[in-house]
Amino acid sequence: MQVSGGDLQRLRQLNSLSSISALRAAIGPLTLTELAAATGLSRGSMVDVVTDLHERGWIAEVEPTPGGMGRPAKRYRFRADAGHVLGIDIGIHKVLAMVTDLAGRTVASGRVAVNRHTTRDERLDAVHRAIDAALVASGLTPPDLWGVAAGSTGVVNREGLVTWVDELPDWAGVDLVGRLGQSLSCPIAIENDSKLAALAEQRLGVAAGVRDLVYLHIGRRPGAALILNGHLHHGFSGATGEVGHMGITGWRTMASELENCPAAEGAPPEDAAGLVFGAARAGDPGALAAVDGYAHQLALGTAAMVLTLDPELVVLGGGFSRSADVLLPALRRALEPHCLRVPEIRPSKLGEECVALGAACLALNHVDEQFFSPEGSISRPTAPQRLA
């Protein structure tokens with residue numbers, strides 16, 4: 001049977017993809033023999049693939065381990081530093097931009113403080129200043145970025161527009177893709193902050209490898225997100241996880257349980273939770289009652305999602321997750337009367353970087369689709385595009 005040039009080119013493409021996939025998944029560098037075993041290719045074919053990928057800069061040869069007998073076999077690794085993406089967290093109190101390599105490892109970051117009184121134009125200016133700071137710290141320029149994603153507080157639709165924000169009235173309707181595209185020519189994606197935090201946990205955090213999970217972004221303004229069958233769930237309009245809009249859950253007002261506690265008397269609202277959690281940790285009865293009240297209301301919305309999804313795991317993220325030692329047992333107790341099965345609950349370990357890291361993960365998703373999927377080109381992107 002005669003094989004056409006197009007078929008040969010397609011075969012080379014698939015061989016290259018399987019080799020890159022094996023190197024990306026490997027814990028350490030691989031020899032040609034190990035690569036051939038992982039991909040099912042012959043060693044002769046593997047030599048051709050590795051030579052091509054090395055010349056194109058996708059893989060690098062690793063220095064041999066000293067002390068071995070005889071001539072050491074050549075070993076290769078995927079060049080995660082071949083490209084970079086940018087993840088941005090646009091929150092109420094901060095803008096955080098993080099540059100990562102193709103493995104999701106943080107290279108540099110830039111942070112600018114904002115607040116609820118910051119105007120739309122001032123917040124957008126803070127976004128650009130955070131990006132500039134991250135790029136300067138990383139030694140990169142905007143053309144070096146292969147993808148950008150930003151997480152915004154509020155409801156974000158499938159087109160990447162912020163459609164509703166409770167705390168920032170002038171933020172709804174902002175075209176972040178358009179504004180970011182004025183200085184960045186790479187693909188750009190926008191998503192809700194809680195959804196990106198969930199993605200970060202599933203890729204890099206305590207939910208690594210979990211297929212079905214509920215993520216709780218808890219704080220004075222709680223949010224939630226769902227991972228279904230290993231994928232971030234958006235819903236038809238992007239409003240998945242917005243159970244707090246149901247007044248019966250009490251999510252919009254439950255922070256008052258902590259702010260009105262005697263243990264936080266006289267403290268600014270933003271400091272109340274830390275004081276109450278600390279007092280509860282020390283056994284203060286009033287503080288323990290306030291934590292139980294907060295957990296009871298948090299459990300109502302959480303139970304609705306748990307009963308719908310039946311997840312393997314619930315992740316406790318956001319600012320209040322730092323006091324998971326106090327809050328998690330109270331939440332479990334509050335869930336028990338409502339759930340047929342209370343799933344395991346784990347506190348996040350990603351801290352305040354979770355949204356920016358999740359944004360970087362989303363940008364890497366698009367890089368993977370463009371370069372490392374069967375439909376990809378394994379080539380450097382050349383034109384900007386809008387990503388849904």
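Which residues of strand 11 are buried on one side, and which on the other? Hi everyone, let's work that out together, keeping in mind that this is a predicted model.

First, find the open sheet of five strands, with mixed pairing and the order 13-12-11-14-15. Strand 13 (231-232) and strand 15 (344-347) are the edge strands: each has a single partner, so one side of each has no neighbour in the sheet.

Now for strand 11, residues 213-217. Strand 12, residues 223-228, pairs with strand 11 in the antiparallel sense, over five bridges. The two form a hairpin, and five residues lie between them. You can spot Leu216 opposite Ala224, and His217 opposite Gly223. With strand 14, the pairing of strand 11 is parallel, again over five bridges. There, Tyr215 has Val315 as its bridge partner.

Back to our opening question. Leu213, Tyr215 and His217 are buried on one side of strand 11, and Val214 and Leu216 on the other, so both faces are covered. Helix 9, residues 285-309, lies across strands 11, 12 and 14, running at about 160° to strand 11.

Finally, a pair of helices. Helix 6 (residues 193-204) packs against helix 11 (residues 354-371) at an angle of about 75°, and their axes are 7 Å apart. That angle makes helix 6 roughly perpendicular to helix 11. Among the residues that meet there are Leu196, Leu199 and Arg203 from helix 6, and Val355, Leu357 and Asn365 from helix 11. By class, this contact has 11 nonpolar, two polar and two charged residues. Thanks for listening!

Notes: Residues are numbered from 1 along each chain as its sequence is written. This is a predicted model: local features need pLDDT of at least 70, side-chain atom pairs count only at pLDDT 80 or more; totals for chains, interfaces and linings use all residues. Side-chain values use heavy atoms; hydrogens and water are left out. Two strands pair if DSSP finds at least two bridges between them. Helices (H or I, at least four residues) and strands (E, at least two) are DSSP runs, numbered from the N terminus. Contact means heavy atoms within 4.5 Å. Axes are lines fitted to C-alpha atoms, for helices over the stretch in contact, and angles run from 0 to 180 degrees between N-to-C directions. Angles under 35 degrees count as roughly parallel, over 145 as roughly antiparallel, 65 to 115 as roughly perpendicular and the rest as oblique. Ala, Val, Leu, Ile, Met, Phe, Trp, Tyr, Cys and Pro count as nonpolar, Asp, Glu, Lys and Arg as charged, and the others, Gly among them, as polar. Buried means under 20% relative accessible area, exposed over 50%, partly exposed in between (1.4 Å probe, protein chains only).
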